[in-house]
Amino acid sequence: MSMYRTALVVVLALITFAHILGYVPILAVAVPAAAEKVQPKTLAPQPSASAKAPSANDTGSHELSRADLEAFLDGFVPYALKNADIAGLTLVVVKDGQILLEQGYGYADVSTKRPVDPGLTLVRPGSTSKLFTWTAVMQLVEQGKLDLDRDINDYLDFKVNSSFSKPITIRNLMTHRAGFEEGLKSILTYDPKQFITTEDYLKNHRRPTLFPPGEVPAYSNYGAALAGYIVQRVSGEPFESYVERHIYAPLGMTRSTFQQPAPEQFKADLSQGYMTASEPPLSFELIATGPAGGMSTTADDMAKFMIAYLQEGRYQENRILKPETVRQMFEPAVHQIDDLNVMALGFFEENRNGHRVRGHGGDTIVFHTDLDLFVDDGVGIFFSLNSRGESDSVYAIRQALFDAFVDRYFPSRAQQAPPSSAVTSAKEHAQLIAGRYQSSRRIESAFISVLYLLSQTVISANDDGTIDVPTFPTNKPKRYREISPFVWNEEGGQRKVALVGEGSSRDVYSSDDPSSILQPVPAWKSTVWNLSLLCAAIAIMLIVLILWPVSALLRRKYRQPSTSAGKELLVTRVLRVAALIDVVYLLAWIVPISPILSNHIEAYSNSLDPYIRLLQIGGLLVIAAAVAGIWAACQKSQKWTTAVWHILSAGALVGIVWIAVITKLISSNLNY
């Protein structure tokens, strides 16, 4: 009897501990190849090292000259790279139609000590590649071959899946409002033999839609790849060739390519890509959604692209877009919400210190890039780092470098007004926004959704009416104060969040990321209670399994016969076998879930399908185990403690089925 009581105490302790765990971040999940300018709010990496912060003296205005910029960067970049164990960085700044400074820091190849050369070294800019896809789209729009508001199925040779009657348009693709669910499978590989074309990927890995077209921002590499394939279909040229002929050639971008692997003439000058500079490099990343993130380029070539956009489509004597087209791409393309940043037409909108900024960032596993155009100032900056760095510190460095550049050379044009204290309902509004949220950019229909279940964003209300919001790049809570009804500003910063709607329909928009929003998590999907249930269920099953050999050993040691016989013995054995099935089942899922936690996205391919299918079939055994557990709990027991234990065991078995169902561990879907 004392053994069962001890077991009950252990279970209760684990449930309490699980409730505590539910209020802290559970996972730091790597972003798939070709990601957006900023990381998804619920999946942001957790950097531990950051670049040297600018001093207070640097907040005033500095002339953006070559000498000052060079001194600023030389005092910032080498320290940051060394401190974060990053191999190298390439950078270029343009001003008034000319290259102001282009510079390489560190190594393109650590083992051979080959330095980064901004004119020679090719890097992988990830999702910054999308700007070339959008440029190609708009060229065809100018020619009357594409209509931004026409159903994309009119341009395709296959039908895009949609759960809604409203058609998906190219404008939806360019503003990340097509409603697509995220996808991982077959998006990246290092093996050319496993690399599939964009066309194959689009047709054989169609993404389901979570939202009606045009309504909810949800960043989508699939959508951008669709746009590139449409360019190919309408122009009659392979996408890679189209970009080379109609964008690279007129701009003189002779060291850029969308071909994967890179052409032979570029291979000697490709930068290696590293997790950290202390580790061996990874192989060339082959990205199936090529138009969304498969480009290779140099900083010098990107300077020409930036100059063309800053000069309304013209570079020297050549033009890639009409001035009115460029102006259209720079304007907000969706409804603005209380001055928060939104998507422009293909570009991310940002307004810093009163200056209009349009840009796009990009991430592969190892390359991390930013491109930003100060459109009214004639200035552009592009930089790319070739390593994630220690503890994914590249994200903090990338943000710190941009922030320092902006604050040094583009300080606020006007004194910022102090936050208003006149919002009389601040406490009430803080309570309304407080809660648990999930990003609109997510996987919901397959087993990867388990990571989103365990990694949710928590916004909390404070007694003084302020709120705490996890904020990029550390994803640690920062204090925000309400400055107008349902709009909050970061204390000491410029980031804003806004609450739109109410109840279960409320959404949180953030100036950090206009390509996705935070949506409320329904109570039944909350990390808190589901993690508590999972921990308690695992604890009970482990106790059942541990007591199995322990009780046998104790009986043998003290030469005591079993106290169970007949049906009671059968019940005990049924529960033990059921617990064993569930524990083995959960352990087996570690194999397909763990790669994303260690940035091995290449593991997700068709080769994993047989294993996942076996686990999906194994889900039937888990359901059978739960049914057996319910049967066992319904049997009469001589001792009340035994009856309680049987009920708890049955509850644990049913709980595992619940977790498996809501996270799609139990499903037949191999499209993730």
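**Exercise 1. A lysine in a loop**

Which backbone oxygen does the side chain of Lys 166 reach? State also where Lys 166 is found and whether it is buried, partly exposed or exposed.

Solution.
- Step 1. The model is predicted, and side-chain atom pairs count only at pLDDT 80 or more.
- Step 2. The side chain of Lys 166 reaches the backbone oxygen of Pro 213, at 3.3 Å. The cut-off for a polar contact is a pair of N or O atoms within 3.5 Å.
- Step 3. Find Lys 166 in the loop between helix H3 (130-142) and helix H4 (170-174).
- Step 4. The relative accessible area of Lys 166 is 44%. Buried means under 20% and exposed over 50%, with partly exposed in between, so Lys 166 is partly exposed.
- Step 5. Asp 151 is 15 residues away from Lys 166 in sequence, and their C-alpha atoms are 9.0 Å apart in space.

**Exercise 2. The order of a sheet**

Work out the strand order of the open sheet of 7 strands, and say which strands stand at its edges.

Solution.
- Step 1. The order reads E3-E2-E1-E11-E10-E9-E8, and the pairing is antiparallel.
- Step 2. The edges are strand E3 (114-115) and strand E8 (348-352). Each has a single partner strand, so one side of each lacks a neighbour in the sheet.
- Step 3. Add the helices that pack on the sheet. Helix H2 (residues 66-84) touches E1, strand E2 (98-109) and E11, and its direction makes about 20° with that of E2. Helix H10 (residues 299-310) touches E1, E2, E10 and E11, and its direction makes about 30° with that of E1.

**Exercise 3. Strand E11 and its partners**

Explain why strand E11 (residues 379-385) is described as largely enclosed, and describe its pairing with E1 and E10.

Solution.
- Step 1. In E11, 7 of the 7 residues are buried, so the strand is largely enclosed by the rest of the structure.
- Step 2. Check each face. Val 379, Ile 381, Phe 383 and Leu 385 are buried on one side; Gly 380, Phe 382 and Ser 384 are buried on the other.
- Step 3. Strand E1 (residues 88-95) runs antiparallel to E11 and is joined to it by 7 bridges. Val 92 stands opposite Phe 382, and Leu 91 has Phe 383 as its bridge partner.
- Step 4. Strand E10 (residues 368-374) also pairs with E11 in the antiparallel sense, over 7 bridges. Here Phe 374 stands opposite Val 379.
- Step 5. E10 and E11 form a hairpin with 4 residues between the strands, where Gly 378 takes a positive phi near 70°.

**Exercise 4. The buried side of a helix**

Identify buried residues of helix H17 (residues 590-597) and decide how they are placed around the axis.

Solution.
- Step 1. Pro 592, Ile 593, Pro 595 and Ile 596 are buried in H17.
- Step 2. These residues cover an arc of only 150° around the axis, so they lie on the same side of H17.
- Step 3. An α-helix has 3.6 residues a turn, so residues three or four places apart point the same way.
- Step 4. Just after H17, Asn 599 has a positive phi of about 65°.

**Exercise 5. The chain as a whole**

Summarise the secondary structure and burial of the protein chain.

Solution.
- Step 1. The chain has 19 helices and 19 strands.
- Step 2. Of its 672 residues, 58% count as buried.
- Step 3. The chain exposes about 27,000 Å², and carbon and sulfur atoms supply 56% of it.

How values were computed: Residues are numbered from 1 along each chain as its sequence is written. Side-chain values use heavy atoms; hydrogens and water are left out. Helices (H or I, at least four residues) and strands (E, at least two) are DSSP runs, numbered from the N terminus. Buried means under 20% relative accessible area, exposed over 50%, partly exposed in between (1.4 Å probe, protein chains only). Accessible areas come from the Shrake-Rupley method with a 1.4 Å probe; for residues, only the protein chains shown count as cover. Two strands pair if DSSP finds at least two bridges between them. The arc is that of the directions from the helix axis to the C-beta atoms. A polar contact is a pair of N or O atoms within 3.5 Å; within protein, one must be able to donate a hydrogen and the other to accept it, and residues adjacent in sequence count only if both atoms are side-chain atoms. Contact means heavy atoms within 4.5 Å. Axes are lines fitted to C-alpha atoms, for helices over the stretch in contact, and angles run from 0 to 180 degrees between N-to-C directions.
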